[in-house]
Amino acid sequence: MANNSYSGVKNSTANHHGDFGCSLKDLRSLMELRGAEAIGKIGESYGDVQGLCTRLKTSPVDGLSGQPADIDKRKEVFGQNLIPPKKPKTFLQLVWEALQDVTLIILEVAAIVSLGLSFYRPPDAEREHCGSAAGGVEDDGEAEAGWIEGAAILLSVVCVVLVTAFNDWSKEKQFRGLQSRIEQEQKFAVVRGGQVIQIPVAEIVVGDVAQIKYGDLLPSDGILIQGNDLKIDESSLTGESDHVKKTLERDPMLLSGTHVMEGSGKMLVTAVGENSQTGIIFALLGASEEDDDDEEEKEAKKKEKKEKKEKKKQDGAAENRKKAKAADGAAMEMQPLNSDEVDIDEKRKSNLKEKKEKSVLQGKLTKLAVQIGKAGLVMSAITVIILVVLFVVDTFWVQGLPWHKDCTPIYIQFFVKFFIIGVTVLVVAVPEGLPLAVTISLAYSVKKMMKDNNLVRHLDACETMGNATAICSDKTGTLTMNRMTVVQAYVADKHYRNVPEPQLIPATIMDILVLGISVNSAYTTNIMSPEKEGGLPRQVGNKTECALLGFANDLKRDYQAIRNEIPEEKLYKVYTFNSCRKSMSTVLKNADGSFRMFSKGASEILLKKCSKLLTASGETKVFRPRDREDMVKKVIEPMASEGLRTICLAYRDFPVSEGEPDWDQENDILTSLTCVCVVGIEDPVRPEVPDAIKKCQRAGITVRMVTGDNINTARAIATKCGILQPGDEFLCMEGKEFNRRIRNEKGEIEQERIDKIWPKLRVLARSSPTDKHTLVKGIIDSTVLEQRQVVAVTGDGTNDGPALKKADVGFAMGIAGTDVAKEASDIILTDDNFSSIVKAVMWGRNVYDSISKFLQFQLTVNVVAVIVAFTGACITQDSPLKAVQMLWVNLIMDTFASLALATEPPTESLLLRKPYGRNKPLISRTMMKNILGHGVYQLIIIFTLLFVGEQIFDIDSGRYAPLHSPPSEHYTIIFNTFVLLQLFNEINARKIHGERNVFDGIFNNLIFCSIVFGTFIIQIVIVQWGGKPFSCVGLSIDQWLWCTFLGFSSLLWGQLISSIPTKSLRFLKSAGHGTQRQEIPDEELEDMEEMEEIDHAERELRRGQILWFRGLNRIQTQIRVVNAFRSSLSPYEGLEKPESRSSIHNFMTHPEFRIEDSEPSIPLIDDTDAEDDAPTKRNSASPRNVTPTPPSPSLSPTPSPNQNNNAVESGNNHLYVEGNKAAGTPSAPGSPLHSLETSL
């Protein structure tokens, strides 16, 4: 697909390229070169990068003019910066997929057979030979109506299919909307008309001059125009984890999808979208798919392609960039995807095996659904067998009739009818509403969480958040406002408590100070005029630098004038800030050939490198270690204890006489500095944070602060936030101390040592990203508490990637966060605010409760419906609830109830309880009490009506009715009462913790009210006018009142049940436990799988059963939805999702995140046994084979240890079925998942 469109682009270039000095083809061939070759090619074809700019009609300084006509022209000639998304599935395709459901197919076949047979009538004379059950009842009118039941079943199947398809369709639509939103939010800085502006990534065109900085993910291919200390991580393409230095002399080629790990610079964009390296790989993938003619395969492929594309779109940028990533891979070797590379990945992957387990809720639900499904299958089989045996015994033995050939069709009709009853029992028993409820609940929450500033990238992160027991938060920007201002300064031997007046500072010091602040900061950092009159000035870029620039403005100096005089190109050398240096330095070359270097950085680090100090007279004096200690005590500690960050500004001169120093020897360069001034920067705590932290603590969640600031500042802020209470004996420690305590003599980290520290640790200061990762990993792996800790982490920097991926839920900052951090995260906080995390906790708990409410309701219906159908069939040889009625009940209880109960809005009271934890059963004992209590009550009512109802209501009995007899009032009353009992019980199900007031807040949920009301109306229509198809007869007003009263009585009964204390019912067991990965020895893991995931469960079953079983679990229908869903949801994906295997970004290994599971493997075009897939987490180094599916002829991923296949270990708790589909479970060929499977 991709390739067609781009050949289009290719052809179109021929006509236009005359306008530009080089064609698309030239640029593509140029971008395939690297290093010296590339420089040679640029030299010979264009002279230099300047020459290339001229040919592309752009200026390296001012960029493009930004004229719309020019931009459109470039898009036309060189393509747009996006890879066209896949078309969404049409409604008809979705309908067709819903029809693949095995249970539905069985019902359709049975209905058609029953239809066909209903038209056959034996000659009247023979009628009595066929036994009493068939005989005599039908007068002519009735006989004509025999076809109605078959037709009604077909009709109800159509309804179910349309509802399912519509659900899928609306979901897909929602997620496309979400993606496009994310896509628009992704912006990149380019120079147009001499102004730096932020434009959406998709708007970048060839010829643009883009500004790149630390933490960016490159959105397109380009050539470096100017760079400062630029290091790029190209592991996504090459698999080499070393950072590549980019310089104009050695290697100026920049590739889309790679990460900027250090430095900054400008690049000339030379290839975008489908012509960038990533786009090319996409095209290759597309091509291999086109050749594939197996339909199923294609479908699935499409799906994968769609996912890739969507991912792509998703954050247009991250995407385009990622794409690129991949792409270059191809270019690098020019034989795309060679297998050795894959092996590297494999090896790496096996080390990466630890990432989160399968989402807790999914694990518990799947297990439960499988168990219920099995029980339903057994019940329905027994029902059919009993019915058939009773009939045969009665007809051929009791009545002693011979088998008469004319009667065969009549007998067959009976058997078909029994079979239909069996299937409907099954339909009711299989809770296919479960996955749907989860999906709806998550989808609804995700949509609402957008309003609460949480952009959820992985659906299940939302539910995991409800179980969170610990949050490790950054300080800057999350707990504080990230609006920094200099409030104190120590300059010229004097400590000023407020910003000094300019006249108080000697002119010589002032000049050095302001020059240092202006040039030694990223030129992308600026202070802009306020948006509103009288507002605060806007800070753009790095906030600490903004504070210093603001300080220069407060000293009545104009930093912009200095920058104009010394543009970025004139800076001789820049050492950019990174987490190891903790400082930034810029070197200027003076006219006389000497050099001056300005440095700024954390005061306690930089002061150690100072040997002189500027005094009030403007002279320098020696600065000895003793003076330094004085300064720390008198200046730095007082500032820090007020919660200020202290920054030291210094400089150093390199005289001409010493010659040019060796700039690569950083340690020699960054010594004997002269300290100019120390400033205290205030970053006020966000006003809503202390309250949010109080809520977390009340909800049983420990908040820890992990920051790079010094310990006094950190302690002061932690106290202001309420993380530390005066008088607590909690620990605050620095990264160094933490490392010393957790390592043994050999320097290895020991879990026991971490376990001694973390329960008491509240503040970790001066911590490096590795410390953050170690702490998170230590808490997650800890077994000190009986409950496994579920940890959420916030991060914004590129270096937070590993910790974000290791955490159960990673929150990235939407405003301050780098692309790399966003990509490693599960949820993006669009307002960078800690209180949004508390909202996420609330939503997460709400999802859990919604699912429990739905379960409580669904299981009551299941139990009652199955028992009624089963016993009714065995005693009266006919189910009191007819097939069509069952399908209606099924619709109410699955689709409607999941909508009604899954969309309950969260309340603050959710934050009053402790987290559930991983092992908390889904169905608590209180819920079990409700299910059994209501189940028993409903059965008593229904059976009373069934066996003595005709006497109570004084009507004809409906029992033992012959084939095709007209519907009876008796059975109509049973059906009506049954449905009304469910409706009122739905209100009971709103509360699961034994609360008495079930109506509390019911009007806050309009969906719930409208569904209950709507169902009631439809029920009236069905009973009064449903007639033969629904086997109903109109009822009188008093019969309706009795039915309604019986239904209403379940509310009263509910009050009675909630008065019984659960504690007194010792015999109740809870159900639906999760299992904990850590506690299971390897041997048992295999058995575990069976419980954990539907697919493994099925693998253990024999194939024959599987087909049945599979189908019977209409579950997959919804799972498919969930998948489609999933895939579309995660915007900045690529890094971690099972399905994303198909996507390109998967060719990307993630550089520094060696810790996580980030690299899905590279699809090899010819490799077929993708299915020998990953073992579970613990033993994932030694893959064990899984029943392979028939290998798929087309693109399939290489076998890799831990390809996220058992969703259990999958990199990110994805919905359970996804990954493991690949693990080769035979599935019903017709099942909707089948197509996905074949391809995976």
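On the surface of this predicted model, Phe91, Val158, Leu162, Phe166 and Trp169 form a nonpolar patch, and together they offer about 440 Å² of accessible area. Helix α10, which covers residues 147–185, contributes the largest share of this patch, namely four residues. Valine 158 is found in helix α10, and with a relative accessibility of 43% it counts as partly exposed.

A second surface patch is one of positive charge, where Lys173, Lys447, Lys448 and Lys451 gather. Here the largest share, three residues, comes from helix α18, which runs over residues 433–451. Lysine 448 is found in that helix and is partly exposed, its relative accessible area being 30%.

Phenylalanine 188, by contrast with these surface patches, counts as buried, because its relative accessibility is 2% and buried means under 20%. This phenylalanine 188 is found in strand β1, made up of residues 187–192, and its C-alpha atom is separated by 8.9 Å from that of aspartate 216, although the two residues are 28 residues apart along the chain.

Charged side chains also pair with one another in this model, and the count comes to 32 salt bridges. One of them joins arginine 596 to aspartate 653, with the closest N and O atoms 2.7 Å apart. That pair links distant parts of the chain, since arginine 596 lies in strand β16 (residues 595–602) and aspartate 653 in strand β19 (residues 645–654), 57 residues apart. Aspartate 653 is partly exposed, with a relative accessible area of 37%.

Arginine 766 forms a salt bridge with glutamate 604, and the closest N and O atoms of this pair are 3.0 Å apart. This pair, too, links distant parts of the chain: arginine 766 is in the loop between β23 (761–765) and α30 (769–781), while glutamate 604 is in helix α23 (residues 603–606), 162 residues apart. Arginine 766 is buried, with a relative accessible area of 17%.

Within a single helix, the side chains of arginine 741 and glutamate 737 meet in a salt bridge at 3.1 Å, N to O. Because they are four residues apart in helix α28 (residues 735–742), arginine 741 and glutamate 737 are separated by about one helical turn. Arginine 741 is partly exposed at 36% relative accessible area, and glutamate 737 is partly exposed at 24%. Elsewhere, Asp229, Lys231, Glu262, Arg581 and Glu666 are linked in a network of salt bridges.

Finally, helix α35 (residues 925–953) bends by about 70 degrees at phenylalanine 947, and just after this helix aspartate 954 takes a positive phi of about 55 degrees.

Notes: Residues numbered from 1 in each chain as written. Predicted model: local features only at pLDDT ≥ 70, side-chain atom pairs only at ≥ 80, totals over all residues. Heavy atoms only, no water. Patch = residues over 30% accessible without salt bridge, like charges linked within 9 Å, V, L, I, M, F, W, Y side chains within 5 Å. Areas by Shrake-Rupley, 256 points an atom, 1.4 Å probe, with all protein chains shown as cover. Salt bridge = Lys/Arg side-chain N within 4 Å of Asp/Glu carboxyl O. Lys, Arg positive; Asp, Glu negative; His and termini not counted. Charge placed at Lys NZ, Arg CZ, Asp CG, Glu CD. Helix = DSSP H or I, 4+ residues; strand = E, 2+ residues; numbered from the N terminus. Buried < 20%, exposed > 50% of the residue type's maximum accessible area, 1.4 Å probe, protein only. Bend = angle between axes of the 7 residues up to and from the residue.
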